[in-house]
Amino acid sequence: MNELDSMVDSATAAFAGAATPADLENAKALFLGKTGRVTELMKGMAALPVEEKKTRGAAINLAKQAIEAALNARRQALADAELQAQLHAEALDVTLPGRTRGQGGLHPIALAWERVESIFNSMGFDVADGPEIENDWFNFTALNNPPNHPARSMQDTFYVDMNDEQGQPYCLRTHTSPMQIRYAVAHVKKHAAAAVAGTPPETMPEIRVIAPGRTYRVDSDATHSPMFHQFEGLWIGENVNFKDLKVTFLNFCKAFFETGDLTLRFRPSYFPFTEPSAEIDIAFNSGPLAGRWLEVAGSGQVHPTVVRNMGLDPEKYIGFAFGSGIDRLAMLRYGVNDLRLFFENDVRFLSQFQ
Ligand code: PHE
């Protein structure tokens, strides 16, 4: 192999050994640069006789072209490799399933809660909200359930180690019944202001309200949770009676369960804040629960003492109240047999209600 061929070989090898474009430019300089081997060979020709110059020059030129061709091939190869690497790094697998944004929905209790509100709304009931940390007066005493009354033991609760400005101990409300007093007192006050503005007192509109919300008791099993949901109903006017209660609650149940095929009964009971008092039971006449009486609410005619604590004259105003468990209604409506499922937040359970 002559000297020129071996130079072309070593240039090709040097280019092949260059891993980056910068390495390649350095390798190029060794052969084609100002002091590179090809340049040196050209310079060396000066001393040759004219005839030899021609052939030697042509041979060196051929070698130079071969080196340039090798250089260009390597440049292209490096550029291709870089592009491949980039494509690989940015690889997109279009067959992968997309990352979807999970769709949220309302909790079954919230769904039941909303149903309760919209049904009672459609029957002309206002919807009110009140505090979950309640004082002793509203939760018990104003509801004709004074300290040391044995009925208090029906509703053991969580007490807050703090009293309000009147020295009343705070507790977590055991029922939504305190909202009877809170709402009625506000209603009476509002009406008194209207009376001052010239509206005769006789025109006080009836009190017709439901108050849904969280309630607390020291209770925990498959059908009782220490935190649960109730809604209070209150309807007070000059001539509101048990018949109105029955019609109201029956119509509510029919709308809530979307069936006309159910029966309602009152079962005598006791609550300090109603007299007479009754549990409301319903029975579906068909379907999987047919024929079984299910307790869905406590109710009764509002006790005169409670009416008085609302700021109203019990000789003139009369009405009824009821308190029902939203969780219980949701269990019946959706066929859930363990209340605790509602509070475990397992999406496999919750997503079934969407
Ligand atoms: N507050 C009662 C309870 O939680 C239910 C009730 C409300 C009963 C209104 C009568 C009237 O058990």
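1. The ligand in this predicted model is surrounded by 15 residues. Those closest to the ligand are His-175, Ser-177, Arg-217, Gln-230 and Gly-323.

2. Three of these residues are worth checking by eye, starting with their polar side-chain atoms. In His-175, such an atom lies 2.9 Å from a nitrogen atom of the ligand. Ser-177 also places a polar side-chain atom 2.9 Å from a ligand nitrogen. For Arg-217, the partner is an oxygen atom of the ligand, and the distance is 2.8 Å. These pairs count as polar contacts because the cut-off for two N or O atoms is 3.5 Å.

3. How much of the ligand's accessible area does the protein cover? On its own, the ligand has 330 Å² of accessible area, and the protein covers 93% of that. The space that the ligand takes is the largest pocket.

4. Which elements give two or more residues to the shell around the ligand? They are strand 6 (227-237), strand 9 (294-302) and strand 10 (318-325). Strand 10 provides the largest share, with 3 residues.

5. The shell can also be sorted by residue class. It holds 9 polar residues, 4 nonpolar residues and 2 charged residues.

6. On the scale of the whole chain, the domain assignment gives domain 1 as residues 3-89 and domain 2 as residues 108-353. The centres of domain 1 and domain 2, taken over C-alpha atoms, are separated by 95 Å.

7. Two details of the backbone deserve a look. As background, most peptide bonds are trans, and most residues other than glycine have a negative phi. The peptide bond from Glu-275 to Pro-276 is cis, and its omega is near -5°. Pro-276 belongs to strand 8, which spans residues 274-284.

8. The second detail concerns Asn-144. This residue is not a glycine, yet its phi is positive, at about 65°. Where is Asn-144 placed? Asn-144 is in the loop between helix 6 (136-139) and strand 3 (159-163).

Conventions. Residues are numbered from 1 along each chain as its sequence is written. This is a predicted model: local features need pLDDT of at least 70, side-chain atom pairs count only at pLDDT 80 or more; totals for chains, interfaces and linings use all residues. Side-chain values use heavy atoms; hydrogens and water are left out. A residue is near a molecule or strand if one of its heavy atoms lies within 4 Å of it. A polar contact is a pair of N or O atoms within 3.5 Å; within protein, one must be able to donate a hydrogen and the other to accept it, and residues adjacent in sequence count only if both atoms are side-chain atoms. Accessible areas come from the Shrake-Rupley method with a 1.4 Å probe; for residues, only the protein chains shown count as cover. On a 1 Å grid over the protein atoms alone, a cavity is a set of points where a 1.4 Å probe fits but cannot get out, and a pocket is an open set with protein on both sides within 12 Å along at least five of seven lines; lining residues have an atom within 4 Å of a point. A molecule sits in a cavity or pocket if more than half of its atoms lie within 2 Å of its grid points. Helices (H or I, at least four residues) and strands (E, at least two) are DSSP runs, numbered from the N terminus. Ala, Val, Leu, Ile, Met, Phe, Trp, Tyr, Cys and Pro count as nonpolar, Asp, Glu, Lys and Arg as charged, and the others, Gly among them, as polar. Domain bounds come from an automatic or database domain assignment.
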